[in-house]
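This briefing reviews one protein chain by topic, with attention to side-chain environment, strand pairing and helix packing. Please read it alongside the sequence and coordinates shown below.

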Amino acid sequence: MHTSIEVILPRPLGTTNTTTLEDYMNRLQILRKARQVEGYLNCKLFVQEVLSLPKINNAPKVPLRQLQVGYVLQFLNGLHYAIYLGENDVIEVEGWGEKPRLNKLSTLIEEYELPTVLKTYTTGG
């Protein structure tokens with residue numbers, strides 16, 4: 001039995017009382033850092049550099065329902081990575097040397113599959 005994507009995705013930050021100043025500031029810091037590192041990385045290296053993670057694979061896995069701003073999304077068993085920005089937005093690098101781009105989490109799920117969510121502790125820094 002298939003479950004609709006809307007049922008399993010976290011609610012957009014703007015539609016609940018969960019929008020916080022901290023989420024907003026983390027989003028801005030991620031976007032600023034992404035502009036600084038663009039142009040020479042693949043998706044995994046981009047995520048590691050933006051979030052200052054030495055190794056993505058060491059991050060603990062959490063259920064998709066616990067997704068928060070700054071958490072890493074791992075698609076296709078690690079063939080693609082993105083950073084969750086809140087409100088169904090992600091930032092990613094599609095290929096080597098490409099500029100970071102904003103995309104919708106729902107679009108990536110349609111394109112790839114449900115991601116593995118990796119909890120990070122370095123948002124905002």
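**Structural briefing**

Tyr-112 is partly exposed, with a relative accessible area of 22%. The model in which Tyr-112 is found is a predicted one. The points below begin with the aromatic pair to which Tyr-112 belongs and then turn to the sheet, the helices and selected loop residues.

**Aromatic pair**

- The structure contains one aromatic pair.
- Its members are Phe-75 and Tyr-112, whose ring centres lie 5.4 Å apart with 40° between the planes, a tilted arrangement.
- The pair connects distant parts of the chain, the two residues being 37 residues apart.
- Phe-75 belongs to strand β2 (residues 72–75), whereas Tyr-112 sits in the loop between α4 (105–111) and β6 (116–118).
- Phe-75 has a relative accessible area of 0% and is therefore buried, the cut-off being under 20%.
- The 22% of Tyr-112 places this residue in the partly exposed class.

**The sheet**

- An open sheet is formed by six strands, ordered β1-β6-β2-β3-β4-β5, with antiparallel pairing.
- The edge positions are taken by β1 and β5 (101–104); each has a single partner strand, so one side of each lacks a neighbour in the sheet.
- Two bridges join β1 and β6 in the antiparallel sense.
- Val-62 has Val-117, in β6, as its bridge partner.

**Helices on the sheet**

- Helix α2 packs on the sheet through contacts with β3, β4 and β5, and its direction makes about 140° with that of β3.
- Helix α3 also packs on the sheet, touching β2, β3 and β4, and its direction makes about 40° with that of β3.
- The buried residues in α3 are Cys-43, Phe-46, Val-47, Gln-48, Val-50 and Leu-51.
- These buried residues of α3 pack against α2 (21–37), β2, β3 (80–86) and β4 (89–92).

**Ends of α3**

- At the N-terminal end of α3, Asn-42 acts as a cap: one of its side-chain oxygens lies 3.3 Å from the backbone nitrogen of Lys-44.
- Just after α3, Ser-52 adopts a positive phi of about 55°.

**The loop between α3 and β1**

- Ser-52 is placed in the loop between α3 (43–51) and β1 (61–62).
- With a relative accessible area of 38%, Ser-52 is partly exposed.
- Ser-52 and Thr-120 are 68 residues apart in sequence, and their C-alpha atoms are 9.8 Å apart in space.
- Pro-60 is located in the loop between α3 and β1.
- The relative accessibility of Pro-60 is 34%, and this residue counts as partly exposed.
- Pro-60 and Thr-120 are 60 residues apart along the chain, with 7.8 Å separating their C-alpha atoms.

**Gln-74 in β2**

- Gln-74 lies in strand β2.
- Gln-74 has 11% relative accessibility and so counts as buried, since the class covers values under 20%.
- The side chains of Gln-74 and Tyr-81 are joined by a polar contact of 3.0 Å.
- Leaving aside residues up to four places away in sequence, Gln-74 touches Asn-57, His-80, Tyr-81, Pro-115, Thr-116 and Leu-118.

Technical notes. Residues numbered from 1 in each chain as written. Predicted model: local features only at pLDDT ≥ 70, side-chain atom pairs only at ≥ 80, totals over all residues. Heavy atoms only, no water. Helix = DSSP H or I, 4+ residues; strand = E, 2+ residues; numbered from the N terminus. Buried < 20%, exposed > 50% of the residue type's maximum accessible area, 1.4 Å probe, protein only. Phe/Tyr/Trp six-rings, centres within 6.5 Å; stacked < 30°, edge-to-face > 60°. Contact = heavy atoms within 4.5 Å. Polar contact = N/O pair within 3.5 Å; in protein donor to acceptor, adjacent residues only side chain to side chain. Pairing = 2+ DSSP bridges. Axes fitted to C-alpha atoms, helices over the stretch in contact; angles between N-to-C directions.
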